[in-house]
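Good morning. Please put the model up on the screen, and I will go through it piece by piece.

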Protein chains: 2
Amino acid sequence: MPASNEAVRAVVERYVALVATGTADQIVDLYADGATVEDPVGSEPLTTREAIHAFYATLEGLEQETRLLDARVVAGEAVFAFEVRTKAGDQTYVLAPFDVMTFDDDARITSMRAYWGEADMRLA
Amino acid sequence: MPASNEAVRAVVERYVALVATGTADQIVDLYADGATVEDPVGSEPLTTREAIHAFYATLEGLEQETRLLDARVVAGEAVFAFEVRTKAGDQTYVLAPFDVMTFDDDARITSMRAYWGEADMRLA
């Protein structure tokens, strides 16, 4: 049975929160074994736990805030709009991706694809 | 070479406009041969031109307005949030799906998956 919409939504909310304040270990824990990450869409997908961990490890040192803007959850899948604000010195960069995620029956993420381009990044 | 972001965005805008005021013929013209439609996500995908035409034909008689709310276009793919307002007597129903579309090199739609559930439909 696919994970419930409530369980999927809870993982989406936790994911967005952890992108701001979590460790790579915590984020990778949300992923199922064999999961894939394509961020941004069009880049080479990451297919190993090590590669996914290294990807999120690059966020650990950054001063970031995130906000979930809107989400649709159906049939064990989710698409959601969120915002990442990253401080770099006196400036704050805002990136606003749409992420598409699939989940296994235990609501672990089996794939993540992030839709964004340069046009979706701006100075606050 | 994948379709340009501009070409993909133009098709997304035309699609959203045609859902309100177009014919099934016009909408199906946006789709590539062999395209698939899964609306909502979790339902049996439509895999023939005839089935896709019949799906959009059900919209032809309705009094509808649509609005593209936000879109991300990257690498020949798009995800977008839009709103469909349908008048039924004195009442107006608002459905707000997130659609994910892939495109061929000529910016024809090769797949559409619509993320929405009952929770995403409301009375205006």
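Before the first number, one term: buried area is the accessible area, taken with a 1.4 Å probe, that two parts lose on being put together, summed over both. Keep in mind too that this is a predicted model.

With that term in hand, how much area is buried between chain A and chain B? The figure is about 1,600 Å², and carbon and sulfur atoms give 67% of it. On chain A's side, three residues supply 42% of the area that chain A buries against chain B: A:Arg72, A:Phe98 and A:Tyr115. No other three residues supply more. As for residue counts, the contact takes 19 residues from chain A and 19 residues from chain B.

Next, the polar side of the interface. The rule finds 4 salt bridges across the interface of chain A and chain B. In one salt bridge, B:Arg72 pairs with A:Asp120, and the closest N and O atoms are 3.6 Å apart. Across the interface there are also 6 residue pairs in polar contact, with both residues at pLDDT 80 or more.

Which elements of chain A give two or more residues to the side that touches chain B? They are strand S2 (63-74), strand S3 (77-88), strand S5 (98-103) and strand S6 (109-115). The largest share, 5 residues, comes from S3(A). Sorted by class, this side of chain A has 13 nonpolar, 1 polar and 5 charged residues.

Now the symmetry. In general, two copies of a chain are related by a rotation about an axis and a shift along it. Here, a turn of 180° and a shift of 0.0 Å along the axis lay chain A on chain B with an RMSD of 0.0 Å. That is the relation of a two-fold axis. The same surface serves both copies, and 100% of the contact residues of chain A recur in chain B.

On to aromatic rings. Over all chains, the structure holds 11 aromatic pairs. Take A:Tyr15 and A:Tyr56: their ring centres are 6.0 Å apart and their planes stand at 85°, so the pair is edge-to-face. This pair links distant parts of the chain, since A:Tyr15 is in helix H1 (residues 5-21) and A:Tyr56 is in helix H3 (residues 49-57), 41 residues apart.

Over in chain B, look at B:Asp105. Where does B:Asp105 lie? It is in the loop between strand S5 (98-103) and strand S6 (109-115) of chain B. Leaving out residues up to four places away in sequence, B:Asp105 touches B:Met1, B:Pro2 and B:Ala3. A polar atom of the B:Asp105 side chain lies 3.4 Å from the backbone nitrogen of B:Met1. B:Asp105 and B:Val8 are 97 residues apart in sequence, yet 9.7 Å apart in space, C-alpha to C-alpha.

Last, some backbone details. The peptide bond from A:Asp39 to A:Pro40 is cis, with omega near 0°. A:Pro40 sits in the loop between strand S1 (31-38) and H3 of chain A. In chain B, the bond from B:Asp39 to B:Pro40 is cis, again with omega near 0°, and B:Pro40 lies in the loop between strand S1 (31-38) and helix H3 (49-57) of chain B. Finally, A:Ala75 is in the loop between S2 and S3 of chain A. Although A:Ala75 is not a glycine, its phi is positive, about 55°.

Definitions and conventions
Residues are numbered from 1 along each chain as its sequence is written. Chains are lettered from A and ligands numbered from 1 in the order in which they are written. This is a predicted model: local features need pLDDT of at least 70, side-chain atom pairs count only at pLDDT 80 or more; totals for chains, interfaces and linings use all residues. Side-chain values use heavy atoms; hydrogens and water are left out. Contact means heavy atoms within 4.5 Å. A salt bridge is a side-chain nitrogen of Lys or Arg within 4 Å of a carboxyl oxygen of Asp or Glu. A polar contact is a pair of N or O atoms within 3.5 Å; within protein, one must be able to donate a hydrogen and the other to accept it, and residues adjacent in sequence count only if both atoms are side-chain atoms. Helices (H or I, at least four residues) and strands (E, at least two) are DSSP runs, numbered from the N terminus. Ala, Val, Leu, Ile, Met, Phe, Trp, Tyr, Cys and Pro count as nonpolar, Asp, Glu, Lys and Arg as charged, and the others, Gly among them, as polar. Copies are superposed by least squares on the C-alpha atoms of residues with pLDDT of at least 70 in both. Rings of Phe, Tyr and Trp (its six-membered ring) pair if their centres lie within 6.5 Å; planes under 30 degrees apart count as stacked, over 60 as edge-to-face and the rest as tilted.
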